[in-house]
There are 2 protein chains.
Amino acid sequence: MGPPSDRAFVTDFPVLTDADVYSKFDYERVVAAIRDAFTERAAGTLEAPPRWHVDAGEGNLVFTAGAATGPTNAAGFRVYETHGTGDDHTELVAVFDAATGAFEGLVAGHAIGGLRTGGIGGVAIDALARSDADTLGVLGTGFQARAQVGAACAARAFDAVTVYSPTRESRESFAETLDTEIEPPVRAVDDPEPVVSEADALVCATNSEDPVFDPGWLTPGTHVTTIGPRFQDAHELPLEVVDRADAIATDSLPQVDAYDRPYIASGADRERMVELAAVLENPDCGRQHVDDITLFCSVGLAGTEVVLGKRFLERFA
Amino acid sequence: MGPPSDRAFVTDFPVLTDADVYSKFDYERVVAAIRDAFTERAAGTLEAPPRWHVDAGEGNLVFTAGAATGPTNAAGFRVYETHGTGDDHTELVAVFDAATGAFEGLVAGHAIGGLRTGGIGGVAIDALARSDADTLGVLGTGFQARAQVGAACAARAFDAVTVYSPTRESRESFAETLDTEIEPPVRAVDDPEPVVSEADALVCATNSEDPVFDPGWLTPGTHVTTIGPRFQDAHELPLEVVDRADAIATDSLPQVDAYDRPYIASGADRERMVELAAVLENPDCGRQHVDDITLFCSVGLAGTEVVLGKRFLERFA
């Protein structure tokens, strides 16, 4: 990363890389860190404004900043750019002591952003899926899908994971890799319908701007999480699922309301949407019946990266 | 900085410290970098929104982000916290390629923030002081005052520098240190009046919320820069100077308008305020007569830290 340099840069503060993160990493700890952040959200001690962005040439710089001022005592931010990808690109998560302002270090790379989104998904599935949920279905095979499955299986004991994506090699290689990382067997399927209809919890983590399944395939009692495009004019989920859902939760209502295009849950659906933190405090805000369809719209609660970054930095202290 | 650690952190991207910055540093280059930023501002290629801040426990995190998308090709931000000071505190400047988004590195520490404010002051004095300005006067002896004098003397050939602050040791040690760093002799004076009345260019760089000189001391033709408190209810400058000034410039009008308390130049004075970039393009916006009083209100143009940070990183590439 960065321009070629004749010297190594040795810092007097911790800077973790993706390699560091993966070397000290398990999904149980990721989910625990994110749960801490939601506990602070419920207690009113998580400062989590919507993202801020700046025009920065051919793309934007996007800042998600926040602070957990309760027991976690972490302030900071994550910054990423929207220009493109490559080996010389990185995201940064910076962590400060929320009480004193002391700088605690950086986590550079792409791992932490996806892991915290995975952790949020794990907490959401644990809060919203039926207590007897056995089968986890996944549509999508990218890095986000992988972190969602890893964290979901750390948060809940599933018996089986099934995955579909249109490209055979992608879904097979995804299943093969995941199989070594998590407890339940992971099976690639060449048809999305059984993945959706047999799932007790379904994660959509695609880049598709058109619905990736038929709403008729969904069976009563299923929990659905959407990570990919989630706007009225671009959505991986059939819009019918939003209307049909008995409970709709998100990690951050301020972020939902801050988008500059119409969100997938609008009007009455937006009105009945609740924060995941509220569901954790009062489960009646979420699933009420075994046959309920529950929906989680993941938007990226600010402060969650900072809490997770602090936990990784602590492991290197 | 950061928690004690058993290991050194070696990064795969450049991270410069205050020691690095000072080892490769001269005020001519600082002023040249800041001049590049203002040239881009005048050309319409400097993206420079007002600062953004987030409540972060006992203080705020403050972000100044921007991009120079012309010849400089730099995007990025500076972040600092308002909790307090100490060895374990730092500011961060992050630099990205504005065209590709590639990450180019970090400058950590406090040096770069003050140097860019000094550089802005140097460009302002060069643009607004009389062409025959000989004497530079300074009220204040902190780090900001030092960078202002260093940059002013790199931007213009002054014959003499005089400094006043209420504490004898502070002003004498300031004069002694500066004397070794800049060309013209630096003299500490035990009375602010001659510093003000004999100055062709006067820099106020104090923390005072009450005026630090009598407006009657100011003589026609003087340029005045204010770096310290600059609000209607807290100002190091006598308010009369704002009214009396024939031209008022600032580095960023959007930042002036973004403060959540009334700025020192309000009403008609705010209306006639111009950007320093406009003065550089069209000198008629600034000083028109040798007897004019000119005023520069330094607020911190976004993007300037990023341009300066890029120049420092280039020297280590």
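Helices here are DSSP runs of H or I with at least four residues, strands are runs of E with at least two, and both are numbered from the N terminus. On that basis, chain A has 11 helices and 18 strands.

Before going on, the conventions. This is a predicted model, in which local features need pLDDT of at least 70 and side-chain atom pairs count only at pLDDT 80 or more, while totals for chains, interfaces and linings use all residues. Residues are numbered from 1 along each chain as its sequence is written, chains are lettered from A and ligands numbered from 1 in the order in which they are written, and side-chain values use heavy atoms, with hydrogens and water left out.

Next, overall dimensions. The C-alpha trace of chain A spans about 60 × 45 × 40 Å along its principal axes. Of the 317 residues in chain A, 59% are buried, meaning under 20% relative accessible area with a 1.4 Å probe, protein chains only.

Now contacts, that is, heavy atoms within 4.5 Å. Among contacts in chain A with a separation of 6 or more, 69% join residues 24 or more positions apart.

Finally, the two copies. How is chain A superposed on chain B? A rotation of 180 degrees does it, with 0.0 Å of shift along the axis and an RMSD of 0.0 Å; the fit is by least squares on C-alpha atoms of residues with pLDDT of at least 70 in both. The copies are therefore related as by a two-fold rotation axis. In chain A, the C-alpha nearest that axis belongs to A:Val10, at 2.3 Å. The copies meet through the same surface, because 100% of the interface residues of chain A are also interface residues in chain B.

Key: Buried < 20%, exposed > 50% of the residue type's maximum accessible area, 1.4 Å probe, protein only.
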